[in-house]
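Reader: Could you take me through one part of this protein at close range? I'd like to look at its salt bridges and what surrounds them.

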Amino acid sequence: TIAWSWIEVLSRSQRHDGGWDAEPLFWVNGAGGAPEWFRSRTVTTGFCYEALSVFLSTAQARSTSGRRR
């Protein structure tokens, strides 16, 4: 499914230390008022971890409910 494809993308892009590279999140005013991207490894890692957690818990719940029938 498409969801598994995204899980593979997240897994392949995970760093050796368990986190993910900083991705652009939103524009901020940089030096002299010039716009620049705000990036954060911590926030990006949090988003990726949350996505994996939700996906895996949902997949597990579906798998478990299918066995009870």
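Author: Happy to; here is a walk through the salt bridges, followed by the core and the surface around them.

Please keep in mind that this is a predicted model. To get our bearings, the protein has 2 helices and 2 strands, and from the N terminus these elements run α-β-β-α.

Now to the charged side chains. The count of salt bridges comes to 3, and they link Arg-15, Asp-17, Asp-21 and Arg-41 in a network. Let's start at Arg-15. Its salt bridge with Asp-21 has the closest N and O atoms 2.9 Å apart, while in its salt bridge with Asp-17 the closest N and O atoms are 3.6 Å apart. Asp-17 also meets the side chain of Arg-41 in a salt bridge, at 3.0 Å from N to O. That pair links distant parts of the chain: Asp-17 sits in the loop between H1 and strand E1 (23-29), Arg-41 belongs to helix H2, and 24 residues separate them.

Are these four residues buried, partly exposed or exposed? Arg-15 has a relative accessible area of 28%, so it counts as partly exposed. The value for Asp-17 is 45%, which is also partly exposed. Asp-21, at 39%, is partly exposed, and so is Arg-41, at 32%.

Next door is Trp-20. Leaving aside neighbours within four places in sequence, its contacts include Arg-15 and Arg-41 from the network, along with Leu-10, Cys-48 and Leu-52. Trp-20 is itself part of the largest nonpolar core, a set of 6 residues that also holds Ile-7, Leu-10, Cys-48, Leu-52 and Phe-55. Helix H1 (2-13) and helix H2 (41-68) are the elements that give two or more residues to this core, and H2 provides the largest share, with 3.

There is a nonpolar side to the surface too. Phe-26, Phe-38, Val-43 and Phe-47 form a patch there, with about 370 Å² of accessible area together. Phe-38 lies in strand E2 (residues 35-40), and its 31% relative accessibility makes it partly exposed.

Finally, step back to the whole protein. Its radius of gyration is 17 Å, whereas a compact globule of 69 residues would have one near 11 Å. Along the principal axes, the C-alpha atoms fill a box of roughly 65 × 25 × 20 Å. Buried residues make up 14% of the 69 residues.

Note on methods: Residues are numbered from 1 along each chain as its sequence is written. This is a predicted model: local features need pLDDT of at least 70, side-chain atom pairs count only at pLDDT 80 or more; totals for chains, interfaces and linings use all residues. Side-chain values use heavy atoms; hydrogens and water are left out. Patches are made of residues with over 30% relative accessible area and no salt bridge: like charges are joined within 9 Å, nonpolar side chains (Val, Leu, Ile, Met, Phe, Trp, Tyr) within 5 Å. Accessible areas come from the Shrake-Rupley method with a 1.4 Å probe; for residues, only the protein chains shown count as cover. A salt bridge is a side-chain nitrogen of Lys or Arg within 4 Å of a carboxyl oxygen of Asp or Glu. Helices (H or I, at least four residues) and strands (E, at least two) are DSSP runs, numbered from the N terminus. Buried means under 20% relative accessible area, exposed over 50%, partly exposed in between (1.4 Å probe, protein chains only). A nonpolar core is a set of buried Ala, Val, Leu, Ile, Met, Phe, Trp, Tyr and Cys residues joined through side-chain atoms within 4.5 Å. Contact means heavy atoms within 4.5 Å. The radius of gyration is taken over C-alpha atoms; the globule rule is 2.2 Å times the number of residues to the power 0.38.
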